[in-house]
Amino acid sequence: MMNKRELELYIHIPFCARKCDYCDFLSFAVPEHTYRDYMDKLIEEIYGQSLCFPDSCVTSIFLGGGTPSILPPELVEELFAVLYGCFDVAEDAEVTIEANPGTLTMEKLEVYKESGINRLSLGLQSADDQELRMLGRIHTFDDFLKSYQRARQAGFANISVDLMSALPGQDVYSWKNTLRKVMMLKPEHISAYSLIIEEGTPFYERYGGRDGSPPLDGGRKEAVPLKSVLPGNSWNNYRELPPLPDEDTDREIYHMTKGLLASQGYERYEISNYARPGCECRHNIGYWTGVDYLGLGLGASSYIGGYRYRNEAELGRYLSLDLQKAGAAARDIQELTLEEKMEEFMFLGLRMMQGVSGNEFLGRFGRNMWKVYDLAFQKLQGQGLIEVDMPWVRLTARGIDVSNRVFSEFLLE
C-alpha cells in the first residue's frame, strides 16, 4: 500500500426475495435470469471504473443490497475474481457480504470463503418470529440459527448480526430476549438500530409517517394502526398492527442495550454499533472518517476526492449504458465546498465514541476547529451534550440521546 491512496469499494446487489415492509433501500424482486444480465453489466462497470484507480489500494470491500446472498454462488465467485483482477486489494482487506437467513447454503458459504470474503453480516432483526412476520421478513429465528451455525462450520470467524428495536408491539422483555439469544452465540459484531418509518413504505402508510428514530431526539407520536392488504405478506388479511413503543419504552430499550452488550464484552464504538475488541467494521469506520469510497452497481453512491455522486438508479437504464466508459453511470455529481466537508467531518465523526480530533481537523482543512466551532462547543458543553478531552471532542451519553440536535449545531451559515 506504500504511496497508494486508500480506497473502499461498495458493490450493490439490488435483488431480494421479497421487500420488507419497512425497507426504503433500492431493492426489489426480479426473475432469476435478470441476475446474469445485471452481473454482466456490473462487471463491465468494474472494468471501466478500475482504470481510474491505478494508484489506489482497496482496504475494504462491502457487498450489500438488497440481499447479495440471493445470488447463485457461481456469480459471486465470478464477481470477486474480477474485483481482485481489476483492483489492487490489500492482503488484509476486510471483505464483507450481507446475507439473509433463509438464503444461505453450505455451498454458497464455501464459495464465499474461497472468493476471499472474510466477514459475514447476517440480517436477523429480531429473535421473535411474530416480530419477524410483522416486518415482512422471509425467515424465522430457527432459519437464522441454522445459517449462523453453517457460517461457523464454513470457517467464518468474523460475523456481524443486525438487530432492530422499536418494532410494533415490542416491549423491553422482548428486546432483552432477542439480545440474550444473540449474545449466547457470541458473534464478533452487533449492529442495533431502531426502526425508522420511511416514506414510501407500507409501514409509512400504516403509521402515518411518524419518524421512528430512537431516542436520538424522541418525538414519538401515538401510532395510528391502519388496516391494509399487503400481497405476499402474512399480515395481509386486514390485520391491525400493534402501536409502536412509546418514548419511555424506546429510551429504556436503547439504554439497556449498551449495558447488556458491555457485560458480554461488546464495546460500543459508534452510536448503533458494538464489537468485540478488534472486530469493529473497518468499512463503516471508513465512511465515518472520510475515506474515499467507490460505489459500483445500481444506485450505488461514491465519495471520491471531495466529489459525491450516485449511480443510475433505474434498472433498465443501467443495463442499457455503455459502462466500459468510466463514469457512464454517474448521476448528481456534487463537489463539496470546504464548509460542507467540515460539516460532514463533525456529523460523521461524532457518531463514533472516540469523537473528532482538532488536530485531524487542522491537518485536513487547514482551519482551527476550536475557532470555527467556538460558539457551538460552548453551547453544547454548557448543556452537557459534549465533552472535551483535548484534542478530542465527543458526545456525552446525554448528547447521544439527542444526537440529531447536536449535529445541527455544526451547520455553517
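# A tour of the predicted chain

Start with the whole protein chain, which has 16 helices and 15 strands (DSSP runs, H or I of at least four residues for helices and E of at least two for strands, numbered from the N terminus). This is a predicted model, in which local features need pLDDT of at least 70 and side-chain atom pairs count only at pLDDT 80 or more, while totals for chains, interfaces and linings use all residues. Residues are numbered from 1 along each chain as its sequence is written, and side-chain values use heavy atoms, with hydrogens and water left out.

Keep the full chain in view. Its C-alpha atoms fill a box of roughly 60 × 55 × 40 Å along the principal axes. The radius of gyration is 22 Å, in agreement with the value near 22 Å for a compact globule of 413 residues (taken over C-alpha atoms; the rule is 2.2 Å times the number of residues to the power 0.38). Of the 413 residues, 54% count as buried (under 20% relative accessible area, with exposed over 50% and partly exposed in between; 1.4 Å probe, protein chains only). Among contacts (heavy atoms within 4.5 Å) between residues at least 6 apart in sequence, 68% join residues at least 24 apart.

Next, select Asp21, in the loop between strand S1 (5–13) and helix H1 (33–50). Asp21 counts as buried, at 5% relative accessibility. Add Gly200 to the selection: the two residues are 179 apart in sequence, yet their C-alpha atoms are 9.8 Å apart in space.

Now show the cysteines. With a disulfide defined as a pair of cysteine sulfur atoms within 2.5 Å, the count comes to zero. For Cys16, the nearest cysteine sulfur is that of Cys23, 6.8 Å away. Cys16 is buried, with a relative accessible area of 6%. For Cys86, the nearest cysteine sulfur belongs to Cys52, 12 Å away.

Finish at helix H5, residues 141–153. Its 13 residues should span 18 Å at 1.5 Å a residue, and the end C-alpha atoms are indeed 18 Å apart (the expected span is 1.5 Å times one less than the number of residues). Select its buried residues: Phe141, Phe144, Ser147, Tyr148 and Ala151. Looking down the axis of H5, they fall within an arc of 120 degrees and so line one face of the helix (the arc is that of the directions from the helix axis to the C-beta atoms). These residues pack against helix H3 (106–114), strand S4 (119–125), helix H4 (129–135), strand S5 (159–165) and helix H6 (172–185). Just after H5, stop at Gly155, where phi is positive, about 100 degrees.
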